[in-house]
Amino acid sequence: MQDNHSLSVAAFTLRGLHFQTPPRGQDKLVRCIRGRIFDVAVDIRKGSPTFGKWVGTELSAQTGDQLFIPIGFAHGFLTLEPDCEVIYKCSDTYAPEADRGIRWDDPAIGSGGIAWPIPIGTTPELSAKDQVQPLLANFDSPFSYDGCPLVSLV
């Protein structure tokens, strides 16, 4: 339905964790076409046995690997080098009224937070929007568990 193309100039730019609420939820197919990123999905479906758990993997232009993020999962990524370009296909168009997020550094995600590969002493570059997202505990999820638990990439 929609293709997005993101350029992050600075290394350790963090985007996310983003999603759209129903009825404008978006499946995403993410690929890094220049540079390297650490890509993350967080299960935010009510009733899921993996609610609040996350998976992450490195995507790079060199490998061409992709990550599918289903509706009901928050998505974010961290650039691991300068000048990263990320493209992602979405199953619905952008809808500002449905645009939501949760904090990238929420310690409750995965019982200790997401293990972002940020070097000690480095502060990630964040958008104004990403600096003020709510914690997962303060988000009343409109997504329901569909019987498919989060599967580890390992």
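These legends describe close-up views of a predicted model.

**View 1. The whole chain is an all-strand fold, with nine strands and zero helices.**
Along the sequence the pattern reads β-β-β-β-β-β-β-β-β. The radius of gyration is 14 Å, close to the 15 Å that the globule rule gives for 154 residues, so the protein is as compact as a globular protein of that length. Along the principal axes, the C-alpha atoms fill a box of roughly 40 × 35 × 35 Å. Buried residues make up 45% of the 154.

**View 2. Five strands form an open antiparallel sheet.**
The strand order is S5-S4-S7-S2-S9. Strand S5 (54-60) and strand S9 (99-101) stand at the edges. Each has a single partner strand, so one side of each is left without a neighbour in the sheet. On average, neighbouring strands here are turned by 30° against each other, direction ignored.

**View 3. Strand S4 pairs with S7 inside the five-stranded sheet.**
S4 covers residues 36-43. Seven bridges join S4 to S7, and the pairing is antiparallel. Which residue of S7 is the bridge partner of Asp-39? The partner is Phe-77. Strand S7 itself spans 73-79.

**View 4. Four strands form another open antiparallel sheet.**
Here the order is S1-S8-S3-S6. S1 and S6 are the edge strands, and each pairs on one side only. Neighbouring strands of this sheet are turned by 20° against each other on average, again with direction ignored.

**View 5. Strand S3 meets S6 in the four-stranded sheet.**
S3 runs through residues 28-34. Four bridges link S3 to S6, and the two strands run antiparallel. Val-30 stands opposite Leu-67 in S6. Strand S6 consists of residues 66-69.

**View 6. The largest pocket has a volume of about 270 Å³.**
Its lining holds 16 residues. Which of them are the closest to the pocket centre? They are Asn-4, His-18, Lys-28, Tyr-88 and Lys-129. Strand S1 (2-8), strand S2 (14-20) and strand S7 (73-79) each supply at least two lining residues. S2 gives the largest share, with four residues. By class, the lining of this pocket divides into four nonpolar, eight polar and four charged residues. The contributing strands come from both sheets: S2 and S7 belong to the five-stranded one, while S1 is an edge strand of the four-stranded one.

**View 7. The second largest pocket has a volume of about 190 Å³.**
This pocket is lined by 15 residues. Phe-68, Pro-70, Phe-73, Leu-150 and Val-151 lie nearest its centre. Strand S6 (residues 66-69) provides the largest share of the lining, three residues. S6 is also an edge strand of the four-stranded sheet. How does the lining of the second largest pocket divide into nonpolar, polar and charged residues, and what is the count of each? There are 13 nonpolar residues, no polar ones and two charged ones.

Notes:
Residues numbered from 1 in each chain as written. Predicted model: local features only at pLDDT ≥ 70, side-chain atom pairs only at ≥ 80, totals over all residues. Heavy atoms only, no water. 1 Å grid on protein atoms, 1.4 Å probe; cavity = no way out; pocket = protein on both sides within 12 Å on 5 of 7 lines; lining within 4 Å. Points joined across faces, edges and corners; volume = space filled by probe spheres on them. Nonpolar A, V, L, I, M, F, W, Y, C, P; charged D, E, K, R; others polar. Pairing = 2+ DSSP bridges. Axes fitted to C-alpha atoms, helices over the stretch in contact; angles between N-to-C directions. Rg over C-alpha atoms; globule rule 2.2 N^0.38 Å. Buried < 20%, exposed > 50% of the residue type's maximum accessible area, 1.4 Å probe, protein only.
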